[in-house]
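Q: I have a structure open and would like to go through it with you. Could we begin with some of the local backbone details?

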Amino acid sequence: MQRTDLTGKAQTVLGVIDGECLGITSSHEHIIWDMSAYFEEPESTSEKELARQPVSMENLHLIRARPHINIDNMVQTDEQTAINELMHFKYAGGGTLVELSQNGLARDPLALARIARATGLNIIMGSGYYVGLSHPEDMDDKTEKDIADEIVRDITAGVSDTGVRSGIIGEIGCSLPLTDNERKVLHACAIAQRRTGAPINIHPSIDDDVMLENITILKDAGADLKRVAISHVDGFGYSLSTRLKVLESGCLVEYDGFGQAIFHFFYMGRIANAMSDIQKITDIMELIDEGYLDRILLAQDFCFKCCLATYGGYGYAHIIRNLIPFMKAKGMTEEQIHALLVDNPRRFLEFAPAED
Amino acid sequence: MKQTDLAGKVQTVLGEVDADSLGITLFHEHLLASMSAWYEEPAEAGEKGMARQPVSTENLWWIRAHRPGNLDNCQLADEQTAIKEAMQFKVNGGSTIAEVSSIGLARDPLGLKHIALATGLNIIMGSGYYIGASHPPELNTMTEDEIADGIIRNIMVGAGDTGVKAGIIGEIGCSRPLQEGERKVLRASVKAQRQTGAPLMIHPAFDDNITLEIVDILGEAGADLGHTVICHVNVYAFKPETLRKIADAGCYLGYEGFGNLGYPHMLQGRLLEHRCDLDYLDAIAGLIADGYLDHILIAHDICFKDFLTVYGGNGYAHIIRNVMPVMRVREFSEEQIQAIMVENPKRYLQFMRPIG
């Protein structure tokens, strides 16, 4: 395996670029994905009918209330739709999206490369494994080292024979409770991070204490927590004091559910997406007051069709178009907004020197 | 004018009913209305184009951040659509809708009667005048007494020659700053309330101090503040102490905006804070803890096309289908839910004895 020195660079699906070129960055998105593995077959006849309808203006109100109940809502496999959607982001001034549909979310490296060429946007692709439910059948047989090797290969040589390389490890899935295989993947991520200097993005367990333990596992396995982002700190019902503990551990916190409070749904016994955008901004301003401005990432994490502008959602430009004016109205400075949307993701996405 | 004794009754567009028959009630909705009083012509060509598009799945992302900037979105004008949408409320267990499109919002008495006949729902019609921007020119020269007489006639005889009687005074519109015509309508509304015993509904100014002044104006004119609701206390982001002052004066607090997919945007130079259902429920839980349960009324205030399920919105059944289950998760007791959905609107919407 030929190794280029990536230190200080970001790696997009079209190659290595200077961090300075990233511009406004959404730190956690899905552009083309298939989440139908998480479809929940409903019991009642009327809901079975709903489950198989295509997403349309007429059924959005039902689908938003239970986004996992409709198969079409969980699948976005059309490249042209993806391009149209991303152009909203580009027109609004966006530069880079981190696309975290890795194994388990039907990652599609060649499609991402085509979409990057068509839109002129920087797309950074993920690597590793999502939650246990999506693991491949032979996951029990894989060792920590096997998984670490796969991730390192994604980053240094490219995914299988596509030549398209990952620029981040994640989103790494953690369930509640954490499964043994998920623990193994966390160990493998730490190993792969040390070998590549790549950033790690964690989809944490939806429980305050178990999530903090996800972080301890990474730390004990030797991960550089300063290069680890914890996703969904806004959507998973954690307390503010838990977010502060995540920051104290050294990790970044990622508020990635902007625009999603329009649907809250029950997920593993908790109400997901319970925080409105206004609450998120208020919360972030408190963390900034505590001195954590440099440790916060923002994103929209669209993984349902109903989030897309084509299907009646706010679309990928939501943060830029709707949120920035509103952050200013709430008293955030230009410098703070620049840190959240440009400098923080740039620093996070630039590779650190490989350790071993 | 022949005066029937309405005390203890509720007056629907099909006639008087016992307050006990109201059941689950939405105290503030629109079924047939025009919100074009809020429309402002944009300056730029592209925006002018967006302003004139029909509402469709493809432009909801823009419309939801630019209400009321799309003309088609401002019109709830189709009876059949209204019937279909209102039926969703009925089949989910709802019984009564207060339709508070006053003069200025293109109130449609016969249309409402048709909807009541078609759906079997209790529909209560509004009266009086909306915000100054929608006042008819002749209002300038009308005296307080003439305006009051018009409202009383609406309640006792019916609107125009339709024979359809109003059951509520409102929503009475106020602006920031409060206009002379609006002050006159406020005082006239109080006169009409004193002479009829009807409930009074105020669309307040988007400003804490002006809203408290409005409550003073009503009180000084002799209104029954215990039979008055101040609306929009959540989207207008009134301070907690303002809410308590309004409630301590005796008024109900109107929490509309449940299921509203609109994005926070600037209105009259201030940020209109669409938050999310859970934020509203948390605020209401705080008021209940402070002893204000009997002052709480909730509704969707559907007033634009994009609220309707046929246009991708959440529709009139959202509170029953999606909010009431979340109230239970948030540990509202069945008695509290019953108070908010049935008992409070029943107490509010029934006529009192006229005080003259």
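Q: Where does Ser160(A) lie?
A: In this predicted model, Ser160(A) sits in the loop of chain A that runs between α5 (144–156) and β8.

Q: What is the phi of Ser160(A)?
A: Phi is near 40° there, which is a positive value in a residue other than glycine. Most residues other than glycine have a negative phi.

Q: And is Ser160(A) buried or exposed?
A: Neither label applies: Ser160(A) is partly exposed, because its relative accessible area is 48% and the partly exposed class lies between 20% and 50%.

Q: Which residue of chain B, not a glycine, has a positive phi?
A: Asp301(B) has one, of about 55°. Asp301(B) is found in the loop between β14 (296–298) and α10 (318–329) of chain B. At 10% relative accessibility, Asp301(B) counts as buried.

Q: Turning to peptide bonds, what joins Gly170(A) and Glu171(A)?
A: A cis peptide bond, with omega at about 0°. Glu171(A) belongs to strand β8 (residues 169–173) of chain A. A cis bond also links Leu176(A) to Pro177(A), with omega of about -10°. Pro177(A) is in the loop between β8 and α6 (180–196) of chain A.

Q: What is Asn201(A) in contact with, leaving aside its neighbours within four places in sequence?
A: Its contacts include both residues of the first cis bond I mentioned, Gly170(A) and Glu171(A). Among the others are Ser27(A), His28(A), Ala229(A) and Glu254(A). Asn201(A) itself is in strand β9 (residues 200–203) of chain A.

Q: Is Asn201(A) buried or exposed?
A: Asn201(A) is buried, since its relative accessible area is 0%.

Q: Now chain B. Where does Thr119(B) lie, and what does its side chain reach?
A: Thr119(B) lies in helix α4 (residues 109–119) of chain B. The side chain of Thr119(B) reaches the backbone nitrogen of Leu121(B) at 3.1 Å. Thr119(B) is buried, with a relative accessible area of 3%. Apart from neighbours within four places in sequence, Thr119(B) contacts Ile83(B), Ala86(B), Met87(B) and Lys90(B).

Q: How far apart are the end C-alpha atoms of α5(B)?
A: They are 18 Å apart, which agrees with the span that 13 residues should have at 1.5 Å a residue. Just after α5(B), Gly158(B) takes a positive phi of about 130°.

Q: What covers the buried residues of α5(B)?
A: The cover includes β1 (9–12), β8 (169–173) and α6 (180–196) of chain B. Among the residues they help to cover are Ile147(B), Ile151(B) and Ile155(B). Residues three or four places apart on an α-helix point the same way, because there are 3.6 residues a turn.

Q: How many helices and strands are there in chain A?
A: Chain A has 11 helices and 14 strands. Its radius of gyration is 19 Å, which agrees with the value near 21 Å for a compact globule of 356 residues. Of those residues, 63% count as buried.

Q: Finally, how many residues does the contact take from chain A and from chain B?
A: It takes 32 residues from chain A and 32 residues from chain B. The two chains bury about 2,700 Å² between them, with 64% of it on carbon and sulfur atoms. In chain A, Met57(A), His61(A) and Tyr314(A) lose the most area to chain B, together 25% of what that side buries.

Definitions and conventions. Residues are numbered from 1 along each chain as its sequence is written. Chains are lettered from A and ligands numbered from 1 in the order in which they are written. This is a predicted model: local features need pLDDT of at least 70, side-chain atom pairs count only at pLDDT 80 or more; totals for chains, interfaces and linings use all residues. Side-chain values use heavy atoms; hydrogens and water are left out. Helices (H or I, at least four residues) and strands (E, at least two) are DSSP runs, numbered from the N terminus. Buried means under 20% relative accessible area, exposed over 50%, partly exposed in between (1.4 Å probe, protein chains only). A polar contact is a pair of N or O atoms within 3.5 Å; within protein, one must be able to donate a hydrogen and the other to accept it, and residues adjacent in sequence count only if both atoms are side-chain atoms. Contact means heavy atoms within 4.5 Å. The radius of gyration is taken over C-alpha atoms; the globule rule is 2.2 Å times the number of residues to the power 0.38. The expected span of a helix is 1.5 Å times one less than its number of residues. Buried area is the accessible area (1.4 Å probe) that two parts lose on being put together, summed over both.
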